[in-house]
Amino acid sequence: MTAADDQSLPRYVRLAASIRDQIADGTLRPGQAAPSGAALSRVTGYSTLTCRKALRVLIGDGLLVPGPSRNARPRVAGPVTIPAERDLADARRALSAGLAARRRAAGLTQVELAGLAYASVTTVGHAETGRVWQSRQFWERADAALGAGGDLLRLHDAYRTVGAVQNQRQNAQAPAEERTGATVHRNRAPSGVDDRSVALGRNEPSCIMIVWGDGTVTTVHPPATVS
């Protein structure tokens, strides 16, 4: 018998144990909002005060964390799994917002920052609106011009790292021909040549056809002796 089923225990203790079991078996996942006291009251028939007390017990145990506001529901503690796409978008926003915030705090216009960073105004504008294609040298100069102490450069490097990791994941999942942009077909005889008239070595292809990503085809014929 579990604590959730032990009728000798106070109701809030049994309810806390039941929620703890849901966290353990994955019914409630890290980052997910726990049921509110009112919702638990409707399900269990216990008073709202009893249900809220159970939630406070779990917060005290570290299994739940308080919501961001007084009336927000607590959430299950633990790391939250975020898709790589969101990781990359968050890193991009942090970089562009960091540049804009630093520039405003320094009292500079985009034109003035462009002069200090030896870049065009368009480059600065793009960087502040999330189109962060600029080189690392630009971010080094912007960091120095704004006295950011390396903060902008660290945001840039974090963004590039997340992007590289995402590309590696995508490449690892893609078939080999998609990763190279070409499909290789082997053991096809050259056009207009009878297969039987070509002398081949063991396991040697009669030709290699390479279909490139843009649809063009290249055919490579190895040396052959025609009888």
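A residue counts as buried when its relative accessible area is under 20%. Phe-138, at 3% relative accessibility, therefore counts as buried. Keep that residue in mind, since this tour of a predicted model comes back to it.

**The overall picture**

The chain has nine helices and seven strands. Of its 227 residues, 30% count as buried. Its accessible surface comes to about 14200 Å², and 53% of that belongs to carbon and sulfur atoms. If you take the contacts between residues at least 6 apart in sequence, 48% of them join residues at least 24 apart.

**The largest nonpolar core**

Now for the inside. The largest nonpolar core has 19 residues, and those with the most contacts inside it are Leu-99, Phe-138, Trp-139, Leu-146 and Tyr-159. Two or more residues each come from helix 4 (84–105), helix 5 (110–116), helix 6 (121–128), helix 7 (136–145) and helix 8 (151–173). Helix 4 gives the most, with four residues.

Here's Phe-138 again, sitting in helix 7. Leaving aside neighbours within four places in sequence, Phe-138 is in contact with Leu-99, Ala-117, Ala-119, Thr-123, Val-124 and Ala-127. Take Ala-119 from that group: its C-alpha atom is 7.4 Å from that of Phe-138, though the two residues are 19 apart along the chain.

Leu-146 has its own circle. With neighbours within four places again set aside, Leu-146 is in contact with Leu-99, Arg-102, Arg-103, Ala-106, Leu-108, Leu-113 and Leu-152. Leu-99, then, is in contact with Leu-146 and also with Phe-138.

**Salt bridges**

Two of the contacts of Leu-146, Arg-102 and Arg-103, turn up again when we look at charged pairs. The whole structure has seven salt bridges. Here are some of them, with the closest N to O distance.

| Pair | N to O distance |
|---|---|
| Arg-103 and Glu-128 | 2.5 Å |
| Arg-136 and Asp-157 | 2.8 Å |
| Asp-151 and Arg-154 | 2.4 Å |

What does the pair of Arg-103 and Glu-128 tie together? Arg-103 lies in helix 4 and Glu-128 in helix 6, so the pair ties together parts that are 25 residues apart in sequence. Arg-103 counts as buried at 11% relative accessibility, and Glu-128 is buried too, with a relative accessible area of 13%.

Arg-136 and Asp-157 also link distant parts of the chain, with Arg-136 in helix 7 and Asp-157 in helix 8, 21 residues apart. Are these two residues buried or partly exposed? Arg-136 counts as partly exposed at 35% relative accessibility, and so does Asp-157 at 27%.

The pair of Asp-151 and Arg-154 stays inside one element. Both residues lie in helix 8, three residues apart, or about one turn of the helix. An α-helix has 3.6 residues a turn, so residues three or four places apart point the same way. Asp-151 is partly exposed, with a relative accessible area of 31%. There is also a third member here: Arg-102, Asp-151 and Arg-154 are linked in a network of salt bridges.

**The other core and helix 3**

Apart from the largest nonpolar core lies another core, of 14 residues, among them Ala-16, Leu-28, Cys-51 and Leu-64. Cys-51 takes us to helix 3, where Thr-50, Cys-51, Ala-54, Leu-55 and Leu-58 are buried. Why do these buried residues line one face of the helix? Seen down the axis of helix 3, they fall within an arc of 140 degrees, so they line one face. The face turned away from the buried side carries the exposed residues Leu-49, Arg-56 and Gly-60.

What covers the buried residues of helix 3? The cover includes helix 1 (11–24), helix 2 (37–44) and strand 1 (64–65).

As for its dimensions, helix 3 (residues 48–61) has 14 residues and reaches 20 Å from its first C-alpha to its last, close to the 20 Å expected at 1.5 Å a residue. After helix 3 comes Gly-62, with a positive phi near 90 degrees.

Let's finish with a residue from helix 2, Ser-41. Ser-41 counts as buried at 16% relative accessibility. Not counting residues up to four places away in sequence, Ser-41 touches Tyr-46, Ser-47, Thr-48 and Cys-51. That brings us back to Cys-51, one of the buried residues of helix 3 and a member of the 14-residue core.

Note on methods: Residues numbered from 1 in each chain as written. Predicted model: local features only at pLDDT ≥ 70, side-chain atom pairs only at ≥ 80, totals over all residues. Heavy atoms only, no water. Core = buried A, V, L, I, M, F, W, Y, C linked by side-chain atoms within 4.5 Å. Buried < 20%, exposed > 50% of the residue type's maximum accessible area, 1.4 Å probe, protein only. Contact = heavy atoms within 4.5 Å. Salt bridge = Lys/Arg side-chain N within 4 Å of Asp/Glu carboxyl O. Expected span 1.5 Å × (residues − 1). Arc of directions from axis to C-beta. Areas by Shrake-Rupley, 256 points an atom, 1.4 Å probe, with all protein chains shown as cover.
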